[in-house]
Amino acid sequence: MSIKTRFAPSPTGYLHIGGVRTALFSWLHARHHGGAFVLRIEDTDRERSTQESIDAILEGMGWLGLDWDEGPQYQTEHFDRYAELADKLIEEGKAYRCYCTKEELDEMREQQVARGENPGYDGRCRDRLDARDSVDPVVRLRTPDTGSVEIDDLVRGHVSFDNDMLDDLVIVRPDGTPTFHFGVVVDDADSGITHVIRGDDHLNNTARHMHLQDALGLDRPVYAHLPMILGEDGSRLSKRHGAVNVLEYREQGYLPEAVLNYLVRLGWSHGDQEVFSVDEMIELFDVKDVNASASKFNPEKLTWLNQQYIMAAEPPDLIPGLLEQMAKVGIDPSRGPAPQQVIETYRERAETLRELAMSAEYLYADNIPLDEKAAKKNLRPVVKEALTSLRDAFAELDAWNAEAIHQAIQDVADKHELKFGKLGQPVRVAVTGTGVSPPIDATVELVGRERTLVRLEKALDYIGEQGG
RNA sequence: GCUCCCUUCGUCUAGCGGUAAGGACGCGGCCCUCUCAAGGCUGAAACACGGGUUCGAUUCCCGUAGGGAGCGCCA
């Protein structure tokens, strides 16, 4: 049988990084087995579902390259189907209308907790014959009181739940809309999902879903419950742990491949390998290798991977992303060197595209701020003469390239009996305003002759002001 | 409270009865070097605890402790 998996987010917020990992594993499972991947939007909660969320999910999936073969399906389009099946269950006596009010239920739970019991619906409407006019009923599934449900989970192994711990769950709300439980079970069956891969926060629900499947006479899909991703402090991953919205990573200049690579290593591994191309993930991934324990999100490692991907990329592939970041940082790319050159000489010291753009800012500006500390330390009277003759040498240079620039610096340094670095560092500060940059010859080349001469002049003025 | 799940360096993990417990991020040191990176070498750093089973347990079983999830007319 051909394998089919799905990712079924609810559109009640942005696409969460934990959700992405779930999507990735489902997607990889389908791709690895040459099966199909379905995207289904679980929008049965009409109160909280928004179009913005749907857009964010679609955009996030697209950015990451997690493509789907079917969908996006919307559960709101299947309402007739749910209603039909709910009626059938009631007719068959497998479900019933419950007229309890929220107040009644709250009171019931309170008492149960007080008695030290697992709170749950006690089935008081199971045999009710009369309708209550004052309340619109929900529909509940009649679940067995005795026995147990057995789950054979691909990552957890065998898990068993006693039925007396499972109450009669609501499958249809008073307004006729289905609950999540009913929607998933019906849709998974209708679209022929063979493997349900989801977060282990659903492990308890799976037992209930199996009862629903039994009532509906459906075959059960195979389940795989993935461990959670927690924040660095071990609590549930949330905003206070940094970015949890995937699109936020795009904003910050992360590459989608890096995000996927980081995520695939949370709960899954292949020997000692750390870096996986998407093709390698597809080839090597197997849900059976997923481990059962939760993992904590480690931003430093993601950042390291991002840098690895930036360094390994084909420079032209990075141009669109860099231009995006330049725009955000306020750089006009037409006022300096070609982005590709910047990528080639700056990328190994940038952890994100954002950082790459920012580190090249002085290549595109006419006026640059001088870092006071670096200036004080390096722009001193001792190098005034050397800097002056270097300026003259630069002005007369035939070819403006790193090699010629390097030679000029070397010659001037020799003439003034300075080591290369003793001259190079002052030049760096003069030309970039800071003490940090790529090799000075490549940097000067990209700054350009005109700006270099102006900046050297300014540096000489600075030395003069300092009493040189 | 009840049910279910989890437990190897700070973090992600390898291990699948006999290992000097391996790798990666991060951290420290050294090398390279015009700065910063990158890269290379290197150091510190872990089997939660207690019982079993076994000739032998990180590995299998049972407890304890700790952590997580669920207990909705949210998904």
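Start with the protein surface near RNA strand B. By class, this surface has 19 nonpolar, 22 polar and 22 charged residues. The model is a predicted one.

**Stop 1: the surroundings of RNA strand B**

Select P119, R156, R173, G267 and E348. Of the 63 residues around RNA strand B, these come nearest. Next, select helix α10, residues 299-312. This helix gives the largest share of the surface near the strand, with 6 residues.

Now show the atoms of RNA strand B that lie within 4 Å of the protein. Which parts of the RNA do they belong to? Sugar or phosphate accounts for 70% of them, and bases for the rest.

**Stop 2: three backbone contacts with the RNA**

Select C100, R265 and S437 one after another and show their backbone atoms.

- C100: a polar backbone atom of this residue is 3.2 Å from a base nitrogen of RNA strand B.
- R265: here the partner of the polar backbone atom is a sugar or linking oxygen of RNA strand B, at 2.8 Å.
- S437: a polar backbone atom is 2.4 Å from a base nitrogen of RNA strand B.

**Stop 3: helix α3**

Move to helix α3, residues 79-91. Its end C-alpha atoms are 18 Å apart; this agrees with the expected span, because 13 residues at 1.5 Å a residue should also cover 18 Å. The expected span counts one less than the number of residues.

Which residues of α3 are buried? Select Y82, L85, A86 and L89, which are buried. Turn the view to look down the axis of α3: the buried residues fall within an arc of 105 degrees, so they line one face of the helix. On the face turned away from the buried side, select the exposed residues D80 and E91.

To see what covers the buried residues, add the strands β4 (95-98), β5 (138-141) and β8 (170-172), and the helices α5 (180-190) and α6 (203-216); the cover includes these elements. Just after α3, select G93, which takes a positive phi of about 75 degrees.

**Stop 4: T352**

Select T352, in the loop between α12 (339-346) and α13 (353-359). Is T352 buried or exposed? T352 counts as buried because its relative accessibility is 9%, and the cut-off for buried is under 20%.

Show the side chain of T352. It reaches the backbone nitrogen of E355 at 3.0 Å. Finally, add Q252, G253, Y254, N306 and I310. T352 touches these residues, leaving aside those up to four places away in sequence.

Conventions:
Residues are numbered from 1 along each chain as its sequence is written. Chains are lettered from A and ligands numbered from 1 in the order in which they are written. This is a predicted model: local features need pLDDT of at least 70, side-chain atom pairs count only at pLDDT 80 or more; totals for chains, interfaces and linings use all residues. Side-chain values use heavy atoms; hydrogens and water are left out. A residue is near a molecule or strand if one of its heavy atoms lies within 4 Å of it. A polar contact is a pair of N or O atoms within 3.5 Å; within protein, one must be able to donate a hydrogen and the other to accept it, and residues adjacent in sequence count only if both atoms are side-chain atoms. Helices (H or I, at least four residues) and strands (E, at least two) are DSSP runs, numbered from the N terminus. Ala, Val, Leu, Ile, Met, Phe, Trp, Tyr, Cys and Pro count as nonpolar, Asp, Glu, Lys and Arg as charged, and the others, Gly among them, as polar. Buried means under 20% relative accessible area, exposed over 50%, partly exposed in between (1.4 Å probe, protein chains only). The arc is that of the directions from the helix axis to the C-beta atoms. Contact means heavy atoms within 4.5 Å.
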